Amino acid sequence: MEVALNLLITYIFVIGCVVIIFIFFYPRSISKETLQNYVKTCVIEENISTKDLKLLMAWNFSNVSNEGKCFVSCFHEKIGLTINGVLQKKTAFGHLKRIFGREIADFVLGECVNLMGKNKCETAYQLEKCLFDIEYNRLAK
């Protein structure tokens, strides 16, 4: 019973942290409650593990499972960043412009837009990793 309770507490904590991260990086036109519902739905649909949620929450892309990658794809679909695994460039530019400004948004989109994985989960994961790498390098300067 105690193990199940600890897992539930960890799950709720991780969901909360993931939502906070996504609120920072994704559209403000989507309410916090809607984002929470998207995250919960994608967690269930993709059967993502607590380990993967923790990795994604820490922006650690080194050992994310296929389910974790599909979670990212699911979330991208829910917020309209991708449709059937295809990046919606206008939507992506709008999100990036809000985060980085126009000039850097152009650069980031140019760097990340043509990434293709073997499937839509891998493509979404590569896009997320690319966005993180650029943001990390920008902040490190």
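Here are some notes on this predicted model, going from the whole chain to helix packing and then to single residues.

1. The overall picture first. The protein chain has seven helices and two strands, and along the sequence they run α-α-α-α-β-β-α-α-α. Of the 141 residues in the chain, 42% are buried. The accessible surface is about 8,200 Å², and carbon and sulfur atoms account for 57% of that. On contact order: if you take contacts between residues at least 6 apart in sequence, 58% of them link residues at least 24 apart.

2. Now α2 against α4. Helix α2 covers residues 32-46, and helix α4 covers residues 66-79. Their axes sit 9 Å apart and make an angle of about 140 degrees. That value falls short of the over-145 range for roughly antiparallel, so the pair is classed as oblique. The crossing of α2 and α4 is right-handed. From α2 the contact draws on Leu35, Tyr38, Val39, Thr41, Cys42, Val43, Glu45 and Glu46, and from α4 on Glu67, Cys70, Phe71, Cys74, Phe75, Lys78 and Ile79. Sorted by class, the residues of this α2 and α4 contact are 10 nonpolar, one polar and four charged.

3. Helix α4 also packs on α3. The α3 helix spans residues 50-57, and its axis comes within 9 Å of the α4 axis, crossing at roughly 60 degrees. An angle below the 65 to 115 band for roughly perpendicular, yet not under 35 degrees, means that α3 and α4 are oblique to each other. Here too the crossing is right-handed. On the α3 side you'll find Asp52, Leu53 and Leu56, which meet Glu67, Gly68, Phe71 and Val72 of α4. That contact divides into four nonpolar, one polar and two charged residues. If you're looking at side chains, note that Glu67 and Phe71 are listed in the α3 contact and also in the α2 contact.

4. Gly68 is worth a click. Gly68 is part of helix α4 and has 0% relative accessibility, so it counts as buried. Beyond its neighbours within four places in sequence, Gly68 contacts Ile48, Asp52 and Leu56. Asp52 and Leu56 are α3 residues that take part in the packing against α4. There is also a long-range pairing to look at: Gly68 and Cys121 are separated by 53 residues in sequence, while their C-alpha atoms are 8.5 Å apart.

5. Next door is Lys69, also in helix α4. Is this lysine buried or exposed? Its relative accessible area is 15%, and since the cut-off for buried is under 20%, Lys69 is buried. Leaving out residues up to four places away in sequence, Lys69 touches Val64, Cys121, Glu122 and Tyr125. So Cys121 turns up twice: as a contact of Lys69, and as the partner in the C-alpha distance given for Gly68.

6. Further along, α5 packs on α6. Helix α5 (residues 89-100) and helix α6 (residues 102-112) have axes 8 Å apart, at an angle of about 135 degrees. With the roughly antiparallel label kept for angles over 145, α5 is therefore oblique to α6. As α5 passes α6, the crossing is right-handed. Lys89, Ala92, Phe93, Leu96, Lys97 and Phe100 of α5 make the contact with Arg102, Ile104, Ala105, Asp106, Val108 and Leu109 of α6. By class, that α5 and α6 contact holds eight nonpolar, no polar and four charged residues.

7. Last, two backbone spots to check. Most residues other than glycine have a negative phi. Asn47 has a positive phi, near 55 degrees, and lies in the loop between α2 and α3. Asn84 also has a positive phi, near 50 degrees, and sits in the loop between β1 (82-83) and β2 (86-87). Which side of the exposure cut-off do they fall on, buried or exposed? Asn47 has a relative accessible area of 62% and is exposed. Asn84 is exposed as well, with a relative accessible area of 62%.

Notes. Residues are numbered from 1 along each chain as its sequence is written. This is a predicted model: local features need pLDDT of at least 70, side-chain atom pairs count only at pLDDT 80 or more; totals for chains, interfaces and linings use all residues. Side-chain values use heavy atoms; hydrogens and water are left out. Axes are lines fitted to C-alpha atoms, for helices over the stretch in contact, and angles run from 0 to 180 degrees between N-to-C directions. Helices (H or I, at least four residues) and strands (E, at least two) are DSSP runs, numbered from the N terminus. A crossing is left-handed if the near helix is turned anticlockwise from the far one by less than a right angle, and right-handed if clockwise. Contact means heavy atoms within 4.5 Å. Ala, Val, Leu, Ile, Met, Phe, Trp, Tyr, Cys and Pro count as nonpolar, Asp, Glu, Lys and Arg as charged, and the others, Gly among them, as polar. Buried means under 20% relative accessible area, exposed over 50%, partly exposed in between (1.4 Å probe, protein chains only). Accessible areas come from the Shrake-Rupley method with a 1.4 Å probe; for residues, only the protein chains shown count as cover.
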